[in-house]
Amino acid sequence: MLATKQPVLRRFWYAVMPLDHLKDGPKPFTLLGEPIVLFLDAKGEPAALEDRCCHRTAKLSKGWCNNGNIVCGYHGWEYDREGKLVMIPQFPFEQPIPDARARSFRAQARYGYVWVALDEPLSGIPEISEEGDPRYRRIHQFYAKWNTAALRLMENSFDNAHFAFVHKGTFGDINQPKPEKYEIVETDYGFDAETIITIRNPPNAFRISGTSDPTTRRHQRNKWFMPFCRRLDMEYPSGIRHIIFNCATPVSDGEIQVVQILFRNDTEADCSTQELIDWDAAIIAEDRDMLESTDPDAIVDLSRKIEKHMPSDRPGMLMRKRLLELLQAHNECEIPRHETT
Ligand code: FES
Ligand SMILES: [Fe+2]
């Protein structure tokens, strides 16, 4: 599945940029191949327009903000958050502004990020109940571009069979290649997948897990939010909850913006923000290296047989089934089927 070829994917919310990146002016972003410009309106709320001036097509992201409007840097034409042209500085004062606009898109702030939906959303922004809960702190861990497909990151998220191999340098144990099973419950937003796994607990993970035992267990209560968000909720026997939320925001067919937000029920004194960033950076770098080596044209067809014999890939199979149903229900284009079995 190439994301830009599936129009229904425009009907979901994606985390595109930390809100504070917009404090010093408009910024460009490409979402599903669509160049957009993000800026803050007069109330400080994020706005998203096509990144193209209707005068002579200059990128609006090269301009600046004026009282919550965006000004094109080429000749100063000015647009409001709905994309309506509100000022042409070359016109005499009494001359009316023509009815012209730049296309606008839905934009909202949530979890310290700007979220954008290009077309009418089929579902809301995923709920994270720990947001605003005083027992939890929120840490923006990563915001990075990867050369892979969003579906590749999602299938990897629920794939316990890669731990022993990809993560042998951090928490995986190469001598334990048999993955634990998931209990999976389908939901309207995707699925819940629960499992308990044993992991290595090297000294640089002691403060992450809250224990100095050489191995420990993680009770994982994970969620997949269609199409490209996941919640990885890890509870350690120490009582620490380490909840990672990711959005694999599709930039183009071979590029994603990886957003990672962490919620923890401990304090800076228990484990510093930098330790948490460094630990998860080491783990996610292992995933990145492998995922960037994969074909971004991830299949959604269910004819592939091999993985049906791998119980650990039941979440991946269910993910493909749900995505296939979504594409068939909303898209007219043909589903590509060119990955071998
Ligand atoms: S191209 Fe934008 S004002 Fe002329
Ligand atoms: Fe991984």
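Here are legends for three close-up views of this predicted model.

**View 1. The iron ion (ligand 2) and its protein donors.** The donors are NE2 of His162, NE2 of His167 and two OD atoms of Asp287, at 2.1 to 2.6 Å from the iron ion. Angles among the four donor atoms run from 54 to 150 degrees, and the site counts as irregular. Read along the sequence, the donor residues follow the spacing H-x4-H-x119-D. That brings together distant parts of the chain: His162 sits in the loop between helix H1 (150–157) and helix H2 (163–166), while Asp287, 125 residues away, belongs to helix H4 (residues 273–291). His162 and Asp287 are both buried.

**View 2. Arginine 231 in strand S15.** Strand S15 covers residues 229–235. Arginine 231 has just 7% relative accessibility, so it counts as buried, the cut-off being under 20%. Its side chain makes a 3.1 Å polar contact with the side chain of aspartate 233. Leaving out residues up to four places away in sequence, arginine 231 also touches a set of residues that includes Ile128, Ser129, Glu130, Arg221, Phe225, Arg241 and Ile244. Serine 209 lies 22 residues away along the chain, with 18 Å between its C-alpha atom and that of arginine 231.

**View 3. An open sheet of four strands.** The strands come in the order S5-S6-S7-S8, and the pairing is antiparallel. S5 (64–66) and S8 (85–87) are the edge strands; each has a single partner, so one side of each has no neighbour in the sheet. S8 pairs with strand S7 (residues 78–79) through two bridges. In one bridge, tyrosine 79 is partnered with leucine 85 of S8.

Key: Residues numbered from 1 in each chain as written. Chains lettered and ligands numbered in written order. Predicted model: local features only at pLDDT ≥ 70, side-chain atom pairs only at ≥ 80, totals over all residues. Heavy atoms only, no water. Pairing = 2+ DSSP bridges. Buried < 20%, exposed > 50% of the residue type's maximum accessible area, 1.4 Å probe, protein only. Contact = heavy atoms within 4.5 Å. Polar contact = N/O pair within 3.5 Å; in protein donor to acceptor, adjacent residues only side chain to side chain. Donors = N, O, S within 2.8 Å, 3.2 Å for Na, K, Ca; no water. Tetrahedral: all angles 85-135°; square planar, octahedral: opposite > 155°, others 65-115°.
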